[in-house]
Every structure is written in C-alpha cells, then in structure tokens.
Amino acid sequence: ERFEIGMFEDDDYALRVRRAGYRIICAEDVFVHHFGQASLGELCQTGQYDLVFQTNRRRYEEKWGTRWQPHGRRITPEYRQLRERIHEAVTTRLPSAATVLVVSKGDEELLRLNGQRAWHFPQNEDGDYANLYPADGRAAVAHLEAMHAKGAQYLVIPKPAFWWLEHYGEFKDHLDSRCRLAVREPETCLIYSLGGPNV
C-alpha cells in the first residue's frame with residue numbers, strides 16, 4: 001500500500017517472494033503485451049509519471065535498505081547481432097564527431113559507439129533513459145526538438161522501435177517534413193538527420 005497508485009509494488013512483491021524462499025520464474029510459453037505506461041498513461045500527459053516513479057523508488061530503497069537496479073535484459077543472439085549492425089551503420093555512415101539520439105529503451109550498449117556521442121531517446125533531465133514513452137505525437141516532437149536544441153544531430157530508430165512511426169503520427173510527419181532520412185536499412189535501423197531535409 002505504501003506504493004499508492006503504482007510502480008515498484010511489483011518489485012516489492014518479487015523481493016518478498018524471494019525472501020520467503022520461493023523462486024521467480026519466467027513462463028516462456030506465455031505472451032503478455034503491455035504497451036508502455038498504458039495503465040498510468042495519464043500521468044505522462046501531466047508530467048507526474050517521473051515524480052511518482054522517483055517517490056516510489058525512494059520508498060522501495062528505504063524499505064529494503066538497498067539501491068534499486070533496473071531489471072536485467074535477456075539478450076538473444078538475434079538482438080546482439082542487431083546491435084552490431086546498428087553500431088556498424090552509425091559508425092560507417094555518420095560523421096565521427098556526430099551527436100546521435102538512439103531510441104534505446106534504456107539499452108546502454110546501443111550507446112557505445114565508435115567515436116560518435118550517443119544519447120538515450122527519450123531521456124530525463126539527467127540524460128538517463130526516461131523510463132517512459134511520450135504521451136502523444138506532439139510530446140514526441142517536442143522532446144526531439146529539445147534534444148536537437150541541445151546539440152543532437154541524428155536520430156537512430158532501431159528496427160524494434162519502428163512502431164514509433166505508426167503510433168506517433170505527428171512524430172513521423174515531423175521527421176518526413178523537417179528532417180532527412182540519412183540511412184535506411186529496413187532490417188536494422190532508420191537514421192534521420194535532424195538538420196533538415198537538405199542537410
């Protein structure tokens with residue numbers, strides 16, 4: 001109950017289960033689609049999501065006397081190969097000193113490029129992965145423009161994130177009209193130059 005409307009109650013429950021001597025397992029034959037922040041989406045629109053997230057993170061850490069760590073990822077060989085192809089596309093096709101935004105879903109490895117400076121997209125005020133998706137297409141465009149104003153020159157959309165272009169119509173329209181598609185590798189990624197259609 002200390003977690004109020006949500007976030008970190010699942011981490012709390014999982015830790016209590018483990019401390020009671022049980023195991024947490026993953027049922028590989030079950031698929032549950034949980035579109036990011038569908039349950040708490042209204043908080044994204046009001047800007048309250050980060051506040052609730054940070055408040056409940058602090059409650060979790062105080063309760064258990066430990067620092068919360070983001071959930072680990074199970075990396076498949078296919079995803080590892082995709083990462084390598086993205087790295088190759090960026091390092092061979094973009095200027096070596098470029099600043100690149102990556103729709104990363106928090107994957108730090110996607111940001112480890114060879115010379116280029118890479119930032120998470122979306123990101124929070126500290127530059128870390130924002131842990132939430134934009135509320136709508138306008139919010140996605142506003143965030144992109146804010147990152148461009150800070151110095152981002154390119155946007156990398158890995159293949160698993162192509163859904164952004166379908167879900168955020170205004171975002172796609174903005175990319176098509178105000179940016180230039182610099183790299184198109186449908187099995188790997190799309191890379192947009194944020195400098196404009198002719199840059």
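Ten salt bridges are counted in this structure, which is a predicted model. The points below describe three of these pairs, a patch of negative charge on the surface, and a contact made by a histidine side chain.

**Salt bridge within a helix**
- R16 and D12 form a salt bridge whose closest N and O atoms are 2.9 Å apart.
- The two residues are four positions apart in helix α1 (residues 9-19), so about one helical turn separates R16 from D12.
- R16 is partly exposed at 41% relative accessibility, whereas D12 is buried at 4%.

**Salt bridge between two loops**
- K159 pairs with E187 in a salt bridge, with 2.7 Å between the closest N and O atoms.
- K159 lies in the loop between β3 (154-158) and α6 (163-167), and E187 lies in the loop between β4 (180-185) and β5 (189-193), so the pair ties together parts that are 28 residues apart in sequence.
- K159 is partly exposed, with a relative accessible area of 35%, while E187 is exposed, at 52%.
- Elsewhere, D12, R16 and K63 are joined into one network by salt bridges that share partners.

**A further salt bridge**
- E109 and R112 meet through their side chains in a salt bridge of 2.8 Å, N to O.
- E109 is partly exposed, at 33% relative accessible area.

**Negative surface patch**
- D50, E108, E125, D126 and D128 form a patch of negative charge on the surface.
- D50 belongs to helix α3 (residues 49-64) and is partly exposed, with a relative accessible area of 34%.

**Histidine contact**
- H143 is located in helix α5 (residues 137-149) and is buried, at 17% relative accessible area.
- A polar atom of the H143 side chain lies 3.0 Å from the backbone nitrogen of Q123.

Definitions and conventions. Residues numbered from 1 in each chain as written. Predicted model: local features only at pLDDT ≥ 70, side-chain atom pairs only at ≥ 80, totals over all residues. Heavy atoms only, no water. Patch = residues over 30% accessible without salt bridge, like charges linked within 9 Å, V, L, I, M, F, W, Y side chains within 5 Å. Areas by Shrake-Rupley, 256 points an atom, 1.4 Å probe, with all protein chains shown as cover. Salt bridge = Lys/Arg side-chain N within 4 Å of Asp/Glu carboxyl O. Lys, Arg positive; Asp, Glu negative; His and termini not counted. Charge placed at Lys NZ, Arg CZ, Asp CG, Glu CD. Buried < 20%, exposed > 50% of the residue type's maximum accessible area, 1.4 Å probe, protein only. Polar contact = N/O pair within 3.5 Å; in protein donor to acceptor, adjacent residues only side chain to side chain.
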